[in-house]
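Student: I am new to this structure and would be grateful for a close look at one part of it. Please set that part in the context of the whole chain.

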Amino acid sequence: VFRGTATFTAEVDWLLLAQARIGYTHDRLLIFVQGGYAGADGTASANYTDFASDQTFSDSNWHNGWTIGGGFSYKATETLSFGAEYNYVDLNSDSYSFDSPLGAGPAGTADVDHQMHVAKFTINYHFGGN
């Protein structure tokens, strides 16, 4: 009879986006779409607790994926612009292996698939006024 509690967590430790952007300008407004490569360092952890023990297993992996999005930028004055953009990020599935902390072999595996929505707002100062 199972008398313990198991919890599983997965997180993105940091995210890298390398994108190409194409857009349309009208006066001081730029509207664009963008897309490209997304990569991230991820960590997954499993914790098992019962009346006799508390064990934690973890693994880290690099995820390769893709991103697509769009946004705008508006040049309010000769030296100040602001904008916003949105990106959908899919980091694809990767398998994590959890080894026993006592070296007794693998405790199990889990497949983790990260997707996220990322919004960014910008305020830019342009040196030289152009």
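How many residues lie between E3 and E4 in the hairpin that they form?

Tutor: There are four residues between E3 and E4 in that hairpin. The model is a predicted one, and the hairpin is best approached from the whole chain.

The protein has five strands and zero helices, so that, read along the sequence, it follows the pattern β-β-β-β-β. Its radius of gyration is 22 Å, well over the 14 Å that the globule rule gives for 130 residues, so the protein is more spread out than a compact globule. Taken along the principal axes, the C-alpha atoms fill a box of roughly 70 × 25 × 20 Å. Of the 130 residues, 25% count as buried. The protein exposes about 8400 Å², and carbon and sulfur atoms supply 57% of this area. Among contacts between residues at least 6 apart in sequence, 64% join residues at least 24 apart.

We now turn to the hairpin itself. Strand E3 covers residues 54–75, and strand E4 covers residues 80–99. The two strands pair in the antiparallel sense over ten bridges. Within this pairing, tyrosine 74 of E3 stands opposite phenylalanine 82 in E4.

The hairpin has neighbours that are built in a related way. E3 also runs antiparallel to E2, and 21 bridges join these two strands. A hairpin through four residues leads from E2 to E3, and the bridge partner of tyrosine 37 in E3 is tryptophan 66. E2 in turn runs antiparallel to E1, again with 21 bridges, and tyrosine 24 stands opposite isoleucine 31 in E2. The hairpin of E1 and E2 has two residues between its strands. Aspartate 27 lies in that loop, between strand E1 (5–26) and strand E2 (29–49). Its phi is near 55 degrees, a positive value in a residue other than glycine. Most residues other than glycine have a negative phi. At 74% relative accessibility, aspartate 27 counts as exposed.

Strand E4 holds several residues that merit individual attention. Asparagine 87 is located in E4 and is buried, with a relative accessible area of 3%. The side chain of asparagine 87 makes a polar contact of 2.7 Å with the side chain of glutamine 19. Leaving aside neighbours within four places in sequence, asparagine 87 is in contact with Leu17, Gln19, Gln34, Thr67, Ile68, Gly69, Met116, His117 and Val118. Glutamine 19 therefore appears in this list as well as in the polar contact.

Further along E4 comes asparagine 92. This residue has a positive phi of about 60 degrees although it is not a glycine. Asparagine 92 is partly exposed, with a relative accessible area of 32%, whereas asparagine 87 is buried.

Tyrosine 96 belongs to the largest nonpolar core, which has seven residues: Ala44, Ala46, Phe57, Tyr96, Phe98, Ala110 and Val112. E2, E4 and strand E5 (106–125) each supply at least two residues of this core. Not counting residues up to four places away in sequence, tyrosine 96 touches Gly42, Thr43, Ala44, Asp59, Ser60, Asn61, His63, Gly108, Thr109, Ala110 and Val112.

Threonine 49, found in strand E2, offers a point of reference away from this part of E4. The C-alpha atoms of threonine 49 and aspartate 90 are separated by 32 Å, and the two residues are 41 residues apart along the chain. Threonine 49 is partly exposed, with a relative accessible area of 31%. The side chain of threonine 49 makes a polar contact of 3.0 Å with the side chain of asparagine 47. Apart from neighbours within four places in sequence, threonine 49 is in contact with Gly4, Thr5 and Asp54.

To return to the original question, E3 and E4 form a hairpin with four residues between them, and the strands on either side of it pair antiparallel over ten bridges.

Methods
Residues are numbered from 1 along each chain as its sequence is written. This is a predicted model: local features need pLDDT of at least 70, side-chain atom pairs count only at pLDDT 80 or more; totals for chains, interfaces and linings use all residues. Side-chain values use heavy atoms; hydrogens and water are left out. Buried means under 20% relative accessible area, exposed over 50%, partly exposed in between (1.4 Å probe, protein chains only). A polar contact is a pair of N or O atoms within 3.5 Å; within protein, one must be able to donate a hydrogen and the other to accept it, and residues adjacent in sequence count only if both atoms are side-chain atoms. Contact means heavy atoms within 4.5 Å. Two strands pair if DSSP finds at least two bridges between them. A nonpolar core is a set of buried Ala, Val, Leu, Ile, Met, Phe, Trp, Tyr and Cys residues joined through side-chain atoms within 4.5 Å. The radius of gyration is taken over C-alpha atoms; the globule rule is 2.2 Å times the number of residues to the power 0.38. Accessible areas come from the Shrake-Rupley method with a 1.4 Å probe; for residues, only the protein chains shown count as cover.
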